[in-house]
Amino acid sequence: MKWVHDDHIIGTVPATSSLASMSWLLSHCCKYLAGPGGDVAAGTEGVAVESAQGTVIIRQFQIGSSYRLRLEKLCFAQICSSNPSNSIRGWDRRGSGAWKAPREGSRHYGIDIICDAGSSVYSPFPAQVIRISKPYGNGKPHDTGIYIKGTGAWIGYRVKMFYVSKEIRDGASVSAGGRIGSMINMAAQFSPGMTNHIHVTLYKNGQEVNPTPYKC
């Protein structure tokens with residue numbers, strides 16, 4: 001069998017090789033995609049290439065005696081019904097919604113997706129609902145959110161989304177873009193001038209990661 005990328009042969013294995021052997025070859029041939037600090041993991045459906053620009057899933061499929069490669073970047077689905085492009089909150093009187101923006105002597109480990117109060121909130125990827133997630137534990141109306149874990153190509157990812165009224169049961173499965181709740185009017189509970197938003201914290205294999213590259 002031949003591994004082909006952009007019509008160039010990048011490796012060969014015997015036609016009788018196991019899928020595991022072919023995935024191993026593919027993962028080694030594609031390490032260059034990950035770049036410095038990146039990672040490559042082979043699975044039964046393809047190879048996941050983790051890089052600073054996010055994750056690319058390389059699907060393997062056969063045409064004749066050759067295996068072809070198809071690159072699919074992992075991207076969030078639309079998160080808020082009033083924000084089709086998943087725009088991130090810019091600077092307002094309470095700061096910025098960007099990853100690692102300054103936060104009262106600390107940093108903002110997440111991104112804030114602009115969302116009007118009352119908007120429908122959607123899952124950014126296929127997932128299973130874990131539970132409600134409270135950012136502060138103070139019992140105030142804005143102290144609410146949802147915690148979900150990825151399925152399919154998103155296995156290993158989890159996300160917490162704050163200021164969302166959860167409207168789906170624990171353990172439920174949801175598709176990418178499936179409705180999971182409603183946006184509360186969190187800006188009204190802080191000082192005037194804050195942009196209403198969903199705070200998104202993304203985890204990959206238990207580690208916080210920058211969600212920005214997945215807003216594609």
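The largest pocket of this predicted model has a volume of about 470 Å³. A pocket is an open set of points on a 1 Å grid over the protein atoms alone, where a 1.4 Å probe fits, with protein on both sides within 12 Å along at least five of seven lines; its volume is the space filled by probe spheres set on the points, which are joined across faces, edges and corners. Lining residues, defined by an atom within 4 Å of a point, number 21, and Arg103, His108, Tyr136, Tyr163 and His199 are the closest to the pocket centre. Two strands (DSSP E runs of at least two residues, numbered from the N terminus), β7 (102-103) and β17 (197-204), give two or more residues to this lining, with β17 giving the most, four.

The largest nonpolar core, a set of buried (under 20% relative accessible area, 1.4 Å probe, protein chains only) Ala, Val, Leu, Ile, Met, Phe, Trp, Tyr and Cys residues joined through side-chain atoms within 4.5 Å, has 35 residues; Phe125, Met161, Met186, Ile198, Val200 and Leu202 touch the most other members. Among the strands that each supply at least two residues of this core are β9 (111-114), β13 (157-162) and β17, and β13 gives the most, four. Contacts of Met161 (heavy atoms within 4.5 Å) include Ile79, Val121, Ile180, Ile198 and His199, residues up to four places away in sequence not being counted.

Residues are numbered from 1 along each chain as its sequence is written, and side-chain values use heavy atoms, without hydrogens and water. Local features need pLDDT of at least 70 and side-chain atom pairs count only at pLDDT 80 or more, whereas totals for chains, interfaces and linings use all residues.

How values were computed. Buried means under 20% relative accessible area, exposed over 50%, partly exposed in between (1.4 Å probe, protein chains only).
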